[in-house]
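Work through the exercises below with the coordinates open beside the text. Each task is followed by a solution that proceeds step by step.

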Amino acid sequence: MTTDSRTLTDSDPGPGPDPDPDLVPVTGIVGLGTVGEAFLYLARRAGHRIVAVDSDLDVLARVGNRLKALAKDTEEPPVVLTDDVAALADATMVIEAVSDDLAVKTDVLRRIGEVSQAPVLTTTSTLSVPHLAIASGRPETVSGLRFLVPPGPAGTVEPVPTALTSPSTTNAVDALIAELGLTRVEIGAGPAADATALVLAYLNRSVAFLDAGHSTRDDIDTAMRLGCGLPTGPLQLLDIIGLDTAHATLTRLRQQTGDASFAPAPLLTRLVDAGRSGRKAGEGFYAYDNEGRHITDEPVDRSTTVRRPVRTVAVLGSGVMARGIAEVTATAGHPTVLVARSREKAEAALAAIAESLTHSVRRGRITAQQKAAALPLLTPAADLEAVADRDLVIEAVAEDLDVKRPLFSRLGTVAKPEAILATTTSSLSVTACAKASGRPADVVGMHFFNPAPALRLVELVRTDETSDDAFTGARAFATVLGKTPVTCPDRAGFIVNCLLFPYLGAAVDLLQRPGTDIRATDTAIQDGYGYPMGPFALLDTIGLDVSLTIQHRLYDQLADPEHKPALLLEGLVAAGALGRKNRKGFRTADRRRSSTL
């Protein structure tokens, strides 16, 4: 079927001579799904003339509407939208971005070759580039382009030439990458496949977590973004990739490996079946406007009256987390007593906080005046009676129920009746602490992330018996501290650890396969998905012993095979490898020369 080509001119040209059209690159794009549309916008920003081809008239209409919306504020070359491949005759480069199906791609590449002599970039993620190049009939003009998420401005891509790719084609690809403002990286097919499998399983797990009602869409995305430093949350990333694309990739991985973690989550299947394929369709987990921008939901009204306002605080413990929380509360202007097992430990903790505040001043995170105001608000204590007049008591002692339960039992009688009692546990039962207190309505979980002064996320856990007043008071207080609270179920691992550790465990399991390159896998995750570090570097940072303990707790409480502790991690910890803290781990040997740590 052929329709008239449609040209969308962004606006009338401004003053000055028009550029010579013979000098402006003409970029052809075949396939306007998630990937093709991403390249269209990049080429448009770079000032290229564009001929975009798709056989689906609805897709052409959708992209046309988005371009019209964008044209209101910009002056960029016209875009020709058509379903006729013959329109590519004048293209200087063609990007093939149709579905990853061998027959479909082969047919499209042959049809391109019949009308154009331009170099062709195939965006396949699963097929053989040499096979496609030969099938095209013009192998010297075909090269591949590898990326793990659809590229945006400053995104990363890897050119994948074949042995038959001509030097002129290679040079044209390099020039296009530079013109589009993309960053060239080296990932490799094997590491890219491993990175895709690890991340897609994590994204799939996040969908199942949402479908089970454990948390909300926004809280899941916020928790993973802030808790792990990720550029986007998992559900938003699925919208960017395309739910249908992710579903197809998961299905393929499930068939290839037999691994149940790749079986698409039922909610993902339902959304795809309903045509909600993500940003490209205007609706996925989120909704998008005609320009493909996320439509922000109406803000949630949290103006509920806070019946238990927090002014004074007690922090129980003298370790890193207890010190960090006390530093945060005092810096925010709240009188804070730090209760340790001895006066000496409490005073040493306050000295460490003072040193940390000094570092924060040097780094520009706080002012010297804020430090001077915070120090007098900190009081050391060794007697639990010191919490008797506090509005909020935050327990931050050892991650052991045998330690926490007796402490909460005493808090139940020592703390004033209207006090909120909080535990900072990251993987234990908040309900168990609440029951031990004898006043479960007053107990919440407040899982701060380490280092508490720097990280914004607080996982706020409500048990079945937590009162509205206690929960609202804790949420309001976390917000006053400058933190971002997310609501979590009282379920092992809450949100972040529950979704993170199966991903880390699956990475360790890759090492049972000969030839796995730890550095290459980490680099693929970083360069391909924009994560701050790969799974092996992250395990070293957390601590292999700490990671193993969390895995055991998750598996013991959830009895889910995905949480089963990694055997090789067991062996490393038994051999004394703890990660960065004792310089024995996955990436510690190359720490000094690695740019990823």
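**Exercise 1: Helices across a sheet**

Helix α12 (residues 343-363) lies across β11 (336-339) and β12, running at about 155 degrees to β12. This is a predicted model, in which local features need pLDDT of at least 70 and side-chain atom pairs count only at pLDDT 80 or more, while totals for chains, interfaces and linings use all residues. Residues are numbered from 1 along each chain as its sequence is written, and side-chain values use heavy atoms, with hydrogens and water left out.

Task: describe the open sheet and find which helix lies across β16 and β17.

Solution. Begin with the naming: helices (H or I, at least four residues) and strands (E, at least two) are DSSP runs, numbered from the N terminus. The open sheet has 8 strands in the order β12-β11-β10-β13-β14-β15-β16-β17, with mixed pairing, where two strands pair if DSSP finds at least two bridges between them. Its edge strands are β12 (378-381) and β17 (484-488), each of which pairs on one side only. Neighbouring strands of this sheet are turned by 25 degrees against each other on average, direction ignored. Within the sheet, strand β13 (residues 392-395) and strand β14 (residues 420-423) run parallel and are joined by 4 bridges, and Leu392 stands opposite Ile420 in β14. The helix sought is α7 (residues 217-228), which lies across β16 (457-461) and β17 at about 125 degrees to β17. Such angles run from 0 to 180 degrees between N-to-C directions, with axes fitted as lines to C-alpha atoms, for helices over the stretch in contact.

**Exercise 2: Two oblique helix pairs**

Task: characterise the packing of α20 with α21 and of α14 with α15.

Solution. Two packed helices are described by the angle between their axes and the distance between the axes. For helix α20 (residues 544-558) and helix α21 (residues 567-574), the angle is about 135 degrees and the axes are 9 Å apart. These two helices are therefore oblique to each other, given that angles under 35 degrees count as roughly parallel, over 145 as roughly antiparallel, 65 to 115 as roughly perpendicular and the rest as oblique. The crossing of α20 past α21 is left-handed, a term used if the near helix is turned anticlockwise from the far one by less than a right angle, with right-handed used if clockwise. Contact (heavy atoms within 4.5 Å) involves, among others, Leu544 and His552 of α20 and Leu569 and Val573 of α21.

For helix α14 (residues 401-414) and helix α15 (residues 430-437), the axes come within 7 Å and cross at roughly 40 degrees, and α14 and α15 are therefore oblique to each other. Here α14 passes α15 in a right-handed crossing. Residues of α14 including Phe408 and Gly412 meet residues of α15 including Ala432 and Cys433.

**Exercise 3: A helix with two partners**

Task: starting from α6, trace how Tyr202 takes part in a ring pair and in a helix contact.

Solution. The search of the whole structure finds 4 aromatic pairs, where rings of Phe, Tyr and Trp (its six-membered ring) pair if their centres lie within 6.5 Å, and planes under 30 degrees apart count as stacked, over 60 as edge-to-face and the rest as tilted. In one of the pairs, the rings of Tyr202 and Tyr503 have centres 6.3 Å apart and planes at 50 degrees, so the pair is tilted. Because Tyr202 lies in helix α6 (residues 189-211) and Tyr503 in helix α17 (residues 496-509), the pair ties together parts that are 301 residues apart in sequence.

Next, α6 packs with helix α8 (residues 234-241) at an angle of about 115 degrees, the axes being 9 Å apart, and passes α8 in a left-handed crossing. Tyr202 and Leu203 are among the residues of α6 that meet α8, whose contributions include Pro234 and Ile241.
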